[in-house]
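Dear colleague,

I am passing on the structure we spoke about, and I would be glad if you kept it open while you read the notes on its cysteines that follow.

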Amino acid sequence: MFDIPTIFPLLFILCTRVWSLQTDSFEEFYNYVESKSNYENQYVLPKNNRDLFETSDATIHVLGSYDFIIVGGGSAGSVLASRLSEIKKWKILLLEAGGDETAFSDIPGYGPNLRSMNWGYSTIPQKTCCLGMQNQQCDYTRGKVLGGSSGTNALVYARGSYADFDGWQALGNSGWSYQDVLPYFKKSEHIDISGYDVGYHGVGGPLHVNYTVPQSIIADTFIEACRQKGLEEVDYNGRNQMGVSKIQFNINFNKRVSASRALIDPIKGSRKNLNIKLNTLVVKILVKDTVAYGVEYIEAGKRYIVKAKKEVLLSAGSINSPQLLLLSGLGPKAELSKLGIRVKNNLPAVGKHLKDHPFYINLFFRTNLTAMNPTLRENLHRYLMGEAPLTRYNGLELIAFINTTNHTQSPPDIEYILTPPPLNLPPHIYNTNDDYSHVFQGYNTTTDFTTGVILLKPKSEGSVSLRTNSMLEFPLIDVRYFSDPEGRDIETMYQGIKYFLSFTETPAFKKINATLISTHPGCEELKKNPVDRDYWYCAIRHATSTAYHPVGTTRMGNSLQNSVVNNECIVHNMKKLRVVDAGVLPDIVRGHTNAVTNMIAEKISDVIKTHYGGK
Ligand SMILES: Cc1cc2nc3c(=O)[nH]c(=O)nc-3n(C[C@H](O)[C@H](O)[C@H](O)COP(=O)(O)OP(=O)(O)OC[C@H]3O[C@@H](n4cnc5c(N)ncnc54)[C@H](O)[C@@H]3O)c2cc1C
């Protein structure tokens with residue numbers, strides 16, 4: 001049809017058109033990312049919920065009823081909404097305070113920047129930790145978006161140790177041993193990597209698990225140093241947690257896999273029995289004679305009541321679920337009475353037993369390597385091809401689990417997490433005071449690396465309590481890291497840091513001349529030698545923040561005094577009310593908390609289906 005002289009110009013026009021279309025859409029994407037990034041960096045965090053949810057109208061509109069009302073569309077709430085709406089005859093309402101995720105929030109590298117999807121919490125001033133933060137208050141980011149904290153988190157997929165779940169069972173929570181929970185971890189997972197321990201992972205579940213590529217200039221050296229210290233490369237979610245590994249991330253090719261992207265997106269619009277309301281703040285659980293019969297919420301400045309025929313499922317997270325219980329009269333009698341809240345059920349443990357992973361953030365080393373520091377344009381091109389650094393939250397790359405007494409014997413008590421150069425330290429992260437911000441600004445982004453040190457099994461407990469009797473005010477978050485009377489937590493953290501400092505003696509680290517360069521304003525005069533205990537205790541209390549893993553504030557157990565829900569997540573002495581989120585962990589896991597929260601919600605979905613004949 002076409003002769004050669006005709007086809008060449010046509011091909012040329014076609015190719016340039018395709019190329020220019022691609023360039024146009026890349027430019028559009030680039031401009032979008034740049035403007036979103038500027039917007040987020042300038043976004044001023046709220047100080048309370050009034051701006052967004054205050055009402056001028058006192059009228060309460062009474063709506064109809066649903067079988068299940070789910071409060072909070074985060075990690076757990078998304079699982080519940082997806083699994084329960086599989087039963088076509090059940091009508092489900094999901095109420096979420098935040099809005100939807102975006103193409104910007106899908107980029108893992110921008111996780112720390114998502115300020116408009118953050119509730120805006122920080123801890124109350126601390127005495128035993130957070131001393132290097134403004135007003136001694138640590139940042140306490142929680143996700144306010146469909147997907148919840150999984151919509152803004154670091155995406156590290158780390159389930160914890162078999163010993164954690166066997167420990168839950170030993171505490172009296174039957175049905176929660178490692179053998180009991182493993183099938184639910186597998187059900188929630190879709191592993192995309194090769195070389196994993198067969199029998200421990202799932203294929204076909206909603207949460208993709210992937211490594212990131214390419215590796216940084218320091219990855220091989222770090223792994224080699226670990227080997228030289230006796231730590232093997234392992235699948236830390238498999239047979240043996242102890243050792244070093246590339247991080248298994250919840251990403252799909254290049255994008256964040258939040259619970260809502262994984263579980264809600266595929267059914268949005270197609271399940272007529274699932275109603276999702278965004279930008280909707282639940283302010284109270286309605287309770288009559290210890291039966292939960294509905295919730296009150298605010299949407300677009302108006303108040304509504306909606307009823308639950310079967311159950312209210314509280315999945316507002318470890319901070320907001322106890323806050324809502326307390327506001328609804330379910331909590332410690334004396335505390336509630338003091339705020340004028342009518343006590344419906346005296347539950348002393350609501351908001352108590354807050355456990356979290358203290359995260360020591362200031363272990364920086366200078367090397368003789370220099371990483372390239374690509375432009376945003378280059379990084380976005382790489383992102384579109386599925387390549388780091390934007391496929392990693394804050395650059396995180398490798399992870400290692402050790403035990404400070406016998407370095408390779410399970411279970412671990414310390415986690416190391418590597419951020420290689422080029423470093424990207426967003427200005428707002430950690431809420432550091434001027435002295436510590438100055439220290440962080442002094443690090444060289446292309447030659448320095450940092451190893452975060454995480455205390456995996458803390459003894460110290462904090463609390464969540466009410467500031468006032470209104471959901472329009474933030475709760476009080478008191479983390480109290482390193483406050484255990486025996487001082488075990490700070491000593492374990494110190495031992496973890498000390499052990500990592502000994503890595504500088506390995507041939508691998510010597511080759512890159514890895515040299516500790518961290519300083520700790522307020523502590524330097526204490527330093528008599530490189531591993532001086534007084535110095536490091538001071539450093540730890542100043543430069544420890546959170547790994548953002550609060551649990552236990554509505555914990556599972558048998559005792560009315562010490563726990564809030566039973567082993568089916570039903571609130572003690574209540575009917576038609578469960579809490580299903582990270583708050584119910586009987587004790588913190590030696591991993592991160594997203595995988596375990598998904599697992600719990602998967603398991604409780606099955607419990608609910610069995611109970612109401614939905615299976
Ligand atoms: C910055 C950050 C980094 C993290 N990194 C990791 C990591 O790398 N790996 C990991 O495993 N875990 C990580 N976590 C922790 C993990 O994301 C959480 O443990 C997990 O998402 C908790 O799930 P959840 O369902 O309990 O609560 P969330 O996912 O927080 O969900 C609670 C939901 O309820 C909504 N809500 C709250 N109150 C109300 C109300 N009154 N009305 C309506 N809706 C309400 C919230 O907006 C939110 O969407 C991180 C968390 C953060 C914040």
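Which cysteine is joined to cysteine 523 by a disulfide? In this predicted model, the partner is cysteine 538, and the S to S distance of that disulfide is 2.1 Å. The link of cysteine 523 and cysteine 538 is left-handed, with -75° about the S-S bond. Because cysteine 523 sits in the loop between strand S21 (515-516) and helix H14 (533-542), while cysteine 538 belongs to helix H14 itself, the pair ties together parts that are 15 residues apart in sequence. As for their surroundings, cysteine 523 and cysteine 538 are both buried.

A search of the whole structure finds 2 disulfides, and another joins cysteine 130 to cysteine 138, with 2.2 Å from S to S. Here the value about the S-S bond is -110°, and the link of cysteine 130 and cysteine 138 is likewise left-handed. Cysteine 130 has 0% relative accessibility and therefore counts as buried, and cysteine 138, with a relative accessible area of 1%, is buried as well.

When the bonded cysteines are counted along the protein chain, the disulfides follow the pattern 1-2, 3-4.

Two further cysteines may be of interest to you at the bench. Cysteine 226 is buried, since its relative accessible area is 0%, and cysteine 569, at 0% relative accessibility, also counts as buried.

With kind regards

Notes: Residues are numbered from 1 along each chain as its sequence is written. This is a predicted model: local features need pLDDT of at least 70, side-chain atom pairs count only at pLDDT 80 or more; totals for chains, interfaces and linings use all residues. Side-chain values use heavy atoms; hydrogens and water are left out. A disulfide is a pair of cysteine sulfur atoms within 2.5 Å. Buried means under 20% relative accessible area, exposed over 50%, partly exposed in between (1.4 Å probe, protein chains only). Helices (H or I, at least four residues) and strands (E, at least two) are DSSP runs, numbered from the N terminus.
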